[in-house]
Every structure is written in C-alpha cells, then in structure tokens.
Amino acid sequence: MVSFCWDGEVLYVMLLKDRTDGVTNQHLSFNSKVKNGMLFLASLAAVLGPLSFGFVLGYSSPAIPELSTITDPRLRLDDDEASWFGSIVTIGAAIGGLLGGWMVDKIGRKLSLMFCSIPYIFGFTIIIAAQNVWMLYLGRVLTGLASGVTSLVVPLYISEIAHERVRGTMGSCVQLMVVTGIMGAYIAGMFLDWRWLAICCSIPPTVMMVFMCFMPETPRFLLSQGKRREAEEAVRFLRGPDAPAEWECARIEDASDDQVIFVLGMADLKDPGVYKPLGVGIMLMLFQQLTGINAIMFYAETIFEEAHFKNSNVATVVVAAIQVVFTAVAALVMDRAGRKLLLILSGVSMCLSTAAFGVYFKLSSETHGNSSGLCLVESPLAEDPAAELSWLALASMGFFITGFSLGWGPIPWLVMSEIFPSRVKGFASSVCVLTNWGSAFIITKTFQDLMDLLTSAGTFWLFSGCCALNIVFTILFVPETKGKTLEQIQTQFKGTLE
C-alpha cells in the first residue's frame, strides 16, 4: 500500500512537471512571436497622461512668484493664497483617485483615460481666463482631479497591456513622464508668463485624447465584460499578428475563473488575495510620502542658493533633471534588478541622506546660535552660511533625489498596478491613490508646524526613521513581481500553487 502511494506521488510529480514544462514551452513559443512596436505606441499614448500630470505639479513653481507680484489686485496671491494654490491640487487628486476607481470598472481603462483629459483642458482654460483668485483655485482643483484619475488609470492600463518581460520598464515610464513634465514646466516657465505657460500645459492632454482614440482597450477588461473577440483583436494589435491571441486570452480567463463575481463585498476583505495586496499597496503609498520628498523639494532652492546658484530657476531645473535621469535609469534596470532590490537600495539611500540633512541643519543652527527650524530658513540659508557645510547639503540632496528616483518614486505606482485581482482592482487602486494624495496634502500643509515643533534637524531625522521603517517593510512584506504574469502575482498572495 505504501509503495503504491509513493508511486502515485512520483507519478503526480512527473505529471505536474510535464504540465509545468508544457506551460513554459507555450510561454517561450508565445514570447518568440511577440512584436512590441504597437505595445510601445499604446504605452506612449497613455503616458501622455502622466506627462500632463507632471505639468500640473510643475506649473505652480514658476507661476506663484509671478502671481504674487502681479499688478492686478484681483489675481495677486498673498502667502496663504499661494500656499493653497500649490497644495489644493492634492485635494483634487484625492477626489480624482476615488472617481478613477469607479470609472475603470464601469467604463474601462481606455475611456477613463480619454475622459480624464477633459478636466485637464478645462482646468487650464479656466486658469488662462482667470479674473480672480477663486478661478485660479477652480482651475487647479480640476487639473488635480484629472491628475488623480491619471495616477490610477495609466499604471493599470500599462500593466494590463504589457507582457511580463517589459512590464517593469513600461510601468516605470509613468513616473519618468511625471518628472519630465515637471522639468518641462520649469523650463517653459523660464520663458513664458503664467497664462502662456497654462496654454503650453494644456497641449499634452489634448494630444493624449486624440492618440487614445486609436488605441485598444485592455484585453483583461474586455474579457471581464465577456467580449472575447474584441479581446483577441486587442492582443493581436498589441503583440503582433503572429502572436497566439487565443492562447493569451485563454490563460487570462483560466486565472480569472475564481473572480466571476465582480461586486465587492465584505467577504472579499477576508480573502488573503485581497487584503494582503491592499495592505501592501496602502503602506507603499504612505511610505512614499513619509520619505520626506516634499521637504527636500521645499529646501532645494535655498540649498542651491547656499552653493552660490543665484538663479533659482536654473536650480529647480537642475533638480528636475536629476530626477528625470535617474528615473530613466530605474526604467531601464527595473526588469533586470527587480522591484524589491531597488526599493531596498532606494530606502537605504534616502535613510542616510535625510540623516545627513539632519546633521547639516543641526550644525548650521549651532554655528549661528539658532535652533529654531522656522528661523533656519531665514538665517543659515538666507544669510551668508558657513561654506564648509555647503557640500553636505548639496551631497545629501543629490543622494536623496537619486535614491528616490531609482525606487520609491516609480515603484509604488508600478506595484499597485500589478498586485490586485481584477474584481477589486478599481476599488483597491482608488484606496491607494487616496492614501497617497491625502497623506501628501497633510504632510505638505503641516510641514512648517512640524519644523516648529521638532526643529529642522529633528524633522529630517524623523524622515530618516521612516525611511528605515520602509526598508524593513519592503524586506518583510513586499513581493518580487519581476518576470511574473499578473495572474502569478495574484496566486502568490493567495499562497496557492501556480
């Protein structure tokens, strides 16, 4: 009897091995027939959304100084109004994240992306025609709303049209285009006034809406709607005419057999395939904001001034250029190095650099006999500072931006698009986007109060501690998704055999 059981186990293992080898051979055959040209074109059309998003984020930097000194009193911004002009985008984006989660499930990824271009265009149009401060606020809220939808929809769209060999690179292009848009707004702001800059910022979403008319819906969404023929046509468009579209659609359907109910209920939140990735996604978004990225950007201009970069416009362009370069590097190595390793290296880099920032501010305050974080902006940085400390500030900022761009900038958005089952993808993604933009608003608006309470040195050491925690979190809880299909990633969270 024991002998038969042992033989049966051997037979089972042999059959399982044969099945695995068969699936692997099918994968190799499929990959050998794939052509990526149209996939790259569809991704390019989609990432015009993040480019628009970047222009929204970058617009306030060159526009606020001009609006603060404009001769028209109806449009002139005081310090408080300028603060709201910059930060109110995050409120619109948080709302947009919730709206986007509903839209992707109801009307699909493609139409959601096309429709989100409308508030971009309307928002910038209102800014262009603004006659008072409230019109400026309304325009910023609308562009923020579009940014929130974009930050949710585009990663989902790209993750669902890309195959596992290039999904990391394609997904990283989302953050690459965001920082490119920010840099574009900074550069354009050096030559254009605030109205013409708004006109310039409205061009990418207009082009995106036109290009997306010719791009397909994602095969996964079409299959979820029972549109098998359209899904196969989308696969042929994205993979080339020789790729076995029927096989890829069948693979997606087989993995989705347990997701036939698309109405989210409380029972779903007890499913490890739902609550585990949801927890990971929420914490990734929270830790991204707790790295201190907004604080570093807040001090960027004054740090460059200390290093004798008197032209603050050039300084902000240099910072944006560093982000673009190293985000591009992350995109190139994402599918080789993997998400988890880059997150860990990024966390270590930011932990050390924010700790060094704390040391810099501590030494600066002792040098000038002033430990007040609020006065630190006025005293050590605005006056002639100790030249021997300038290198520490510049090195810390460069090291931090490099680390953030390599990992914690692009990867949370990429992983969010990969880990959720289809039936909860809209809801779960909207929760993650709401977490990101909500925490960004809170941290931005309370940052000065935090400096008053803890001093600048204490605030940056707090950020350093948060970066240390994100390293531990990554090691313990974040799965490696490199080279895996979306179905394999979801199976991994459930803890079942692939």
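Twelve is the number to start with: the structure, which is a predicted model, holds 12 salt bridges. A good place to begin looking is helix H11, which spans residues 228-239. Here the side chains of glutamate 232 and arginine 228 meet in a salt bridge, with 2.9 Å from N to O. Both residues belong to helix H11 and sit four residues apart, which is about one turn of the helix. The two partners differ in their surroundings: glutamate 232 has 14% relative accessibility and so counts as buried, the cut-off being under 20%, whereas arginine 228, at 28%, is partly exposed.

Helix H11 also takes part in a salt bridge that reaches beyond its own residues. The side chains of glutamate 246 and arginine 236 meet with an N to O distance of 2.9 Å. Because glutamate 246 lies in helix H12 (residues 245-255) and arginine 236 in helix H11, this pair ties together parts that are 10 residues apart in sequence. Glutamate 246 is partly exposed, with a relative accessible area of 40%, and arginine 236 is also partly exposed, at 32%.

Another salt bridge joins the side chains of arginine 239 and glutamate 248, at 3.1 Å from N to O. Charged residues can be hidden from the surface, as this pair shows: arginine 239 is buried, with a relative accessible area of 2%, and glutamate 248 is buried with a value of 2% too. Elsewhere, salt bridges that share partners link Arg167, Asp335, Arg339 and Glu418 into one network.

Turning to the overall fold, the protein contains 21 helices and zero strands. Of its 498 residues, 55% are buried. Among contacts between residues at least 6 apart in sequence, 83% join residues that are at least 24 apart. A few individual residues help to picture such meetings along the chain.

Leucine 51 is part of helix H2, which covers residues 37-68. With a relative accessibility of 14%, leucine 51 counts as buried. Setting aside neighbours within four places in sequence, leucine 51 is in contact with Met177, Thr180, Gly181 and Pro204. The C-alpha atom of leucine 51 is also separated by 8.2 Å from that of proline 205, although these residues are 154 residues apart along the chain.

Threonine 474, in helix H20, is buried with a relative accessible area of 0%. Beyond its neighbours within four places in sequence, threonine 474 is in contact with Lys340, Leu343, Ile344 and Trp408. Threonine 485 lies in the loop between helix H20 (425-477) and helix H21 (486-494). Despite this loop position, threonine 485 counts as buried, at 4% relative accessibility. The C-alpha atoms of threonine 485 and isoleucine 252 are 9.6 Å from each other, while the two residues are 233 residues apart along the chain.

Finally, the surface deserves a look. The protein exposes about 20,900 Å², and carbon and sulfur atoms supply 69% of this area. One nonpolar surface patch, of about 570 Å², is made by Ile187, Met190, Phe191, Leu192, Trp196 and Val314. Leucine 192, a member of this patch, is found in the loop between helix H7 (167-189) and helix H8 (194-201). At 32% relative accessibility, leucine 192 counts as partly exposed.

Definitions and conventions. Residues numbered from 1 in each chain as written. Predicted model: local features only at pLDDT ≥ 70, side-chain atom pairs only at ≥ 80, totals over all residues. Heavy atoms only, no water. Helix = DSSP H or I, 4+ residues; strand = E, 2+ residues; numbered from the N terminus. Buried < 20%, exposed > 50% of the residue type's maximum accessible area, 1.4 Å probe, protein only. Contact = heavy atoms within 4.5 Å. Areas by Shrake-Rupley, 256 points an atom, 1.4 Å probe, with all protein chains shown as cover. Patch = residues over 30% accessible without salt bridge, like charges linked within 9 Å, V, L, I, M, F, W, Y side chains within 5 Å. Salt bridge = Lys/Arg side-chain N within 4 Å of Asp/Glu carboxyl O.
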